[in-house]
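I opened the model and kept notes on what I looked up. The entries follow in the order in which I made them.

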Amino acid sequence: MNNWRVDGKGRINRDKRVRFTFDGVSYQGYEGDTVASALLANGVHLMGRSFKYHRPRGPVTAGSEEPNALIGTSRSGAGRFEPNTRATVQELYEGLTTVSQNKWPSLNFDVGAVNDKLHKLFAAGFYYKTFMWPKSFWDKVYEPVIRASAGLGVSPTEPDADTYASRYLHTELLIVGAGPSGLAAALTAARNGTDVVFVDENRELGGSLLSEAPSAIDGKSTESWLAETIAELEACDNVRIMTRATAIGYYHENMVGVAEKLTDHMENPPVNAPRERMWRIRAQEVILAQGALERPLVFDGNDRPGVMMAGAAQTYLNRYGVKVGNAAVVVTSHDSAWYAAFDLADAGVKISAIVDVRTTVNDYLNSEAQKRGISAKVGHSVTSVSGTKRVSGVKIGRISGEQYVTDIISIPCDTVLMSGGWTPSLHLFSHTKGSLHWDEENEVFLPGERTERCHIAGGGRGLWSQQAAFDDGVHAAQQALTSLGQNAPGLSVDVDGDRAGSGIVMEELPSNDDKLARRAFVDFQNDVTAKDIRLAVREGMLSIEHVKRFTTNGMATDQGKMSNMNGLKIAANELGRPTPKVGLTTFRPPYTPTTFGTFAGYHKDELFEVTRKTNIDNWAEENGAVFEPVSLWRRAWYYPKAGEDMHTAVARECRETRASVGMFDASTLGKIEVVGPDAAEFMNRMYTNPWTKLASGRCRYGLLLGEDGFIRDDGVIGRISEDRFHVTTTTGGAARVLTMMEHFLQTEWPDLDVWLTSTTEQWSTIALNGPNARKVLEPFVKGTDLSAEAFPHMALRECTVGGFEARLFRVSFTGELGFEVNVPSEHGRALWEMLYQEGKKHDMCVYGTETMHVLRAEKGFIIVGQDTDGTVTPADAGLTWAIGKKKPDFVGKRSLTRPDMLLPNRKQLVGLLTEDPSVVLEEGAQIVEAGDTAIPAKMLGHVTSSYWSEALGRSIAMALIEGGFERNGTSIDIPMPGQTHRATVSGTVFYDPDGDRIKM
Amino acid sequence: MLLIHCPYCKEKLPELEFEYAGQAHIARPDNPAEQTDAEWRDYLFIRSNVRGDHAEQWRHSHGCGRYFNALRNTVSDKFIATYEIGQACPTSHAEGEENNEQLES
């Protein structure tokens, strides 16, 4: 197939060839490949360009920590493009389409690469410094240009076509990571009968055993030991194994979020199968066996395609059967890269040199290198890399004193394998706020104090050999099981040919080249160089948190998995302070980039948020209503007839209601039943109004304040009987009001004998308004007399309406004769249709929320939350009449006399009449003094409500204006784009100021 | 996600069932009319900003609906105790150190 595959190596299925495309070119790989391994097998290292300098980049790792090889992937069908997929993780399947990113016009020739030539301009903090001045350039020049060129990959343009699932799971023991320590822990717990969940982000279990197989485990080949072990675990009923499942976050009380990829590897996913599933796993004990991540070395050109981690090259060889080059130079500060070099050499890769920056290495490594004819350059450093789109050679020299190199020679090669040692992967442990302690000898952070019931095993504790990892996994499992009250016997796994090793931690490698000219990368994805970090320190960033934000080091999607330790080491060195004193930035969930869909789960489309509908809603839909959302409710907004737009429909509804009668679905009004011997006393304490003397069968407008004295809610409240109130609230405020009542009742007045019940959804409420309202209603009412004398305004009766038990209120939110009929909600539509038929005799219209708003505004009735904003007192709103003057106390009363509440220039609610009666002001428009053209003008307030009033034949508005009451009759201006409108301040009651019409 | 013990249901349940309801043990004055402006201001607005153990009210809003008191550490986010409304704060409660030292981000 091609000459980069190595016979007899790898866990790919060579019987199953898979075709895929990258940037339009067709390639072949095998089942079991990732996109990265398959491209490497085709000799392709150049897989993308970097974010800032547009430098050509290839994969630097073989795992989920990959910062460079980010690609766009597409599946057939709209809405299935995904940017920033890591090529090292995406499994290959037949027909997969992939594209490179951050390039234009092509990956090979990219215009943005000019940034690389100008790199001295783009030093750390460049944006902060450069785009400060002149101020006017920010909106017009800088931001559009930055926006156009910023961003990683291209956002999808279509809605996500996939579905996502989520599940909860409870278990005794969760094990994260299926390398040697995870496997040993799982075996120990499984044989003990413990309930185990075992997760790993890879497609198969094995971890480092898949990349670097010891010669034998328990006397068997690694492959057979692994197969037998997995078979044993799979056969256990008490063990649930999840692969392609990444533990992304460790939350309180041992809840671990696990994102499981279900279909991203499939050519033909089952129809309707979810793409991913989020597991919320609550475990009694957790074992984190996540191993360690290999650290890059920092030297000029360490980002060139062909430069990669030594361990990654070993993974590509042993797991995927791919050699990453023909001639490699290995540069390292750790023993592990020597073993990688030996594996590659044994597979036929020419190892041109092993360059080790340490002064000595052990004899075993030296002799093994010699055996293979590899030139070992101990005490040497790489000073530069040549080649742009692929490595063509390196310069190396003998380290002679710190930062000085002699005897420089060039070595041609097509691959550079680097290793700066290993960083324990403690991201999830860090999510728990577990403390880290600095191991001075090995220069690594290790897990310290725990805050959760978790145990770290293997590489995460800085143990570098597979034997040590197996032993530690058993130990961790025994600890966890002891803590579960189970005493599990231990077990032993014996490794032959174990490769223990050690190393040192370096900062930027010694070189003679100009420090400012070196392109030695620390954070590959965010294009942060060693020079940038030193600059940040020189410019006064003393904490690693500041260095991070100034340079963006560690802020890429790999969250510093590759860059944090190197950045820290360079900063510490520049500061002349010990590494642990400079500190480490905090890791946060998710561990690896996770799709929004996985977090959203089922909460999308109609399941994103509930839509509340009244019993009458379907009638409105059948009769052509246009709807608007009001909090979670869907409400009929207006009912257009053929040929009507919103304006004409609303004008007609207003006209017909005031001329004859209109019907309105008011079922969404919040309703609370307040019951008990102390109900009246409770109402006295909660609401501003007096309730003691309100007779049964009467109702009253109620005003609710917060303890701070500001208006919170309002509504008509009826007294059904001595100990029972029917409280109505605003549509959006129902839950808030009930919560506030419960809070006072439970915590301040537990002595009051009162029960509160939400009855919003128990009642359908139909409002009839207009001079003919009584005529429409009367034929259906049994058990009460509707005459004006027997049933006056603000009265209520329990009776039957249309054969249904009803609470009938005579109230009006329109200024017309009005009734509100409450019947059990399931009968709402039936009653509505009866009334609708009867209404035909009187030219009755049905109206929606817009007409309701206009009619109430004509009467100056406020809507809490529209005409008030949480800073409006009863006095500001002209509602002092609603305050029970003789009451010693109610919620908010004391606040009404605080000094600021009594200031004369508070914003007060007034009416506005525009000079030009045809101008309908915009709600929210700002108000200034008449003739004030200064810039900026002093803003006096704003328009809260504004409508065309059909009854008055002109526009009307309400507004909150400083000292508004004093301004009655004077002019103010409302400056709008293109034109300033002048208006006269008026009272808020525009229509029927004497209130004659409700008395009919 | 935290697990919170409801002192009325006597069960440890997921945080999703609960909502926070402000600092605990701030009693509404018996006679607000007699409060000076400063006293009333303190009752309305002045709250501790504890780094450490904080007594607060929670409500089991998607369960029994009852309000209760809790002692929670604002650094570790761990609940130390939950107890019924009207009960005194557990005596073991050492008043948390009040300061505004910036936490590591």
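I started with A:N526, which lies in the loop between β29 (521-523) and β30 (528-529) of chain A. Helices (H or I, at least four residues) and strands (E, at least two) are DSSP runs, numbered from the N terminus. A:N526 is buried at a relative accessible area of 10%; buried means under 20%, exposed over 50%, and partly exposed in between (1.4 Å probe, protein chains only). Beyond residues up to four places away in sequence, A:N526 touches A:F51, A:K52, A:T552, A:M555 and A:A556, a contact being heavy atoms within 4.5 Å.

I noted the conventions here: this is a predicted model, in which local features need pLDDT of at least 70 and side-chain atom pairs count only at pLDDT 80 or more, while totals for chains, interfaces and linings use all residues. Residues are numbered from 1 along each chain as its sequence is written, chains are lettered from A and ligands numbered from 1 in the order in which they are written, and side-chain values use heavy atoms, with hydrogens and water left out.

Next I checked helix α5 (residues 180-191) of chain A. The expected span is 1.5 Å times one less than the number of residues; for the twelve residues of α5(A) that gives 16 Å, and the end C-alpha atoms are 17 Å apart, which agrees. Eleven of the twelve residues of α5(A) are buried, among them A:P180, A:G182 and A:L187. Just after α5(A), A:G193 has a positive phi of about 85 degrees.

I then looked at the domains, whose bounds come from an automatic or database domain assignment. Chain A is assigned domain 1 (13-122), domain 2 (164-292 + 424-496), domain 3 (296-420), domain 4 (665-855) and domain 5 (869-999). The C-alpha centres of domain 1 and domain 5 of chain A are 61 Å apart.

For the nonpolar cores I used sets of buried Ala, Val, Leu, Ile, Met, Phe, Trp, Tyr and Cys residues joined through side-chain atoms within 4.5 Å. The largest core has 77 residues, and those touching the most other members include A:F299, A:Y316 and A:V394. Helix α9 (residues 336-346) of chain A gives the largest share of this core, seven residues. Domain 1 and domain 3 of chain A both contribute residues, so the core lies between them. A second, separate core of 36 residues includes A:V239, A:A476, A:L484 and A:V493.

Are there disulfides, or none? I took a pair of cysteine sulfur atoms within 2.5 Å as the criterion, and the search of the whole structure finds zero over all chains. The sulfur of A:C654 is 8.5 Å from the closest cysteine sulfur, in A:C845, too far for a bond. A:C699 has its closest cysteine sulfur in A:C799, at 13 Å, also too far for a bond.

Last came salt bridges, meaning a side-chain nitrogen of Lys or Arg within 4 Å of a carboxyl oxygen of Asp or Glu; the count is 66 over all chains. A:D162 pairs with A:R80, the closest N and O atoms being 2.9 Å apart. Both residues are in loops, A:D162 between α4 (137-149) and β8 (164-176) and A:R80 between β5 (70-74) and β6 (81-86) of chain A, so the pair ties together parts 82 residues apart in sequence. A:D162 is buried at 11% relative accessibility, whereas A:R80 is partly exposed at 27%.
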